[in-house]
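Trainee: Could we go through this one together? I'd like to know what stands behind each label.
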Amino acid sequence: MHKFKPLNDFIFGKTFGEKGDEEQLLSLLNAILAKTKHKKLVKIEIVEHRTFTAEIVGDKTSILDIRAVAEDGTRINIEVQLRDYGNMDRRSLFYWSREFAGGLAKGEDYSLLSNVIAINIVNFEAVAVDDFHTVFHLWEDTHRDCLLTDALEIHFIDMKKFKALPGKDIKNNSLHRWLTFFDQNISDDTLKELMAMDTAIYKANEKMEFLANDKEVLRLYHLREMAQIDYNSGMKKAKDEGRTERSIEIARNALKMNMSVDDISKLTGLSRQQIEDIKI
């Protein structure tokens, strides 16, 4: 069984985003891109663009994405985002545009811009449809078969929706296999079954087991987990404080209307003492 959460973005990057990880990354990308009937990728170059340091990993705002270039020049960006910050659509467009603009050197012709595929693996509803895997292109509004350009392609893969999917077909569907592998609650028997079916999954698991024996990787993994926990705690506190402020404002207005303390308490959830303090 995994010692790591496979979709911790630091571990995901260490497993799929380093030189030598091409086999498992190719397998995962081909499983994702099969939905849009892409020509099967046979070669990919992983773009290692940063060194993981405690400062980067411990910064809860850091984006630990994976970047790669296919043999036809298509640029691919993969991001794992398990928490909903409420901006995933614009965030994905921003990172797509970064890759798109970065594909052209100063003075070169626009025709040389490479296609860019952005892939987002999320654990919340980023797209309000039933499918766990959605893909977006630039289609004309009234002529839905008219594609402006194939330069833009954005995927969202919703782990929550996948986990709720009945009848997962790990035998015949490679994406189902990968997403099952990414479930941190996977059983040992299912993991063994997946590795026996798919050598790329075997290699990804082997890489994770190797990483689990590296003390510095373990330290950075726990640092990343703590950064996410700290962010969640901060968000919860801010929401709770926001709710309290709204409740106090409602209570003030209710007091002006001469409502009873008991009724205001029921309305706002504030205690009698809190409401009495507002009167002062």
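Mentor: Sure, starting with rings: those of Phe, Tyr and Trp (its six-membered ring) pair if their centres lie within 6.5 Å, and planes under 30 degrees apart count as stacked, over 60 as edge-to-face and the rest as tilted. A search of the whole structure finds twelve aromatic pairs. Keep in mind that this is a predicted model, where local features need pLDDT of at least 70, side-chain atom pairs count only at pLDDT 80 or more, and totals for chains, interfaces and linings use all residues. Residues are numbered from 1 along each chain as its sequence is written, and side-chain values use heavy atoms, with hydrogens and water left out.

Trainee: Why is the pair of Phe 12 and Phe 182 called edge-to-face?

Mentor: Their centres are 5.7 Å apart with 65° between the planes; the cut-offs are within 6.5 Å and over 60 degrees, so the name fits.

Trainee: What makes this pair a tie between parts far apart in sequence?

Mentor: Phe 12 lies in helix α1 (residues 9-16) and Phe 182 in the loop between α6 (174-181) and α7 (188-197), so the pair joins parts 170 residues apart in sequence. Helices here are DSSP runs of H or I, at least four residues, and strands are runs of E, at least two, numbered from the N terminus.

Trainee: How do you know whether Phe 12 is buried or exposed?

Mentor: Buried means under 20% relative accessible area, exposed over 50%, partly exposed in between (1.4 Å probe, protein chains only). Phe 12 has 1%, so it is buried. Phe 182, at 3%, counts as buried too.

Trainee: What kind of pair do Trp 178 and Phe 181 form?

Mentor: Edge-to-face again, at 5.8 Å centre to centre and 80° between the planes. Both residues lie in helix α6, three residues apart, about one turn of the helix, and both are buried. Ring pairs link Phe 12, Phe 16, Trp 178, Phe 181 and Phe 182 into a cluster.

Trainee: Where does the charged end of Lys 168 sit?

Mentor: Over the ring of Phe 162, 5.3 Å from its centre. The rule asks for NZ of Lys or CZ of Arg within 6 Å of the ring centre and within 35 degrees of the ring normal.

Trainee: And the sheet: what makes β1 and β5 edge strands?

Mentor: Strands pair if DSSP finds at least two bridges between them. The open sheet has six strands in the order β1-β2-β3-β4-β6-β5, with mixed pairing; β1 (44-47) and β5 (133-139) each pair on one side only. β1 and β2 (residues 66-70) pair in the antiparallel sense over four bridges, with Ile 44 opposite Ala 70 in β2.
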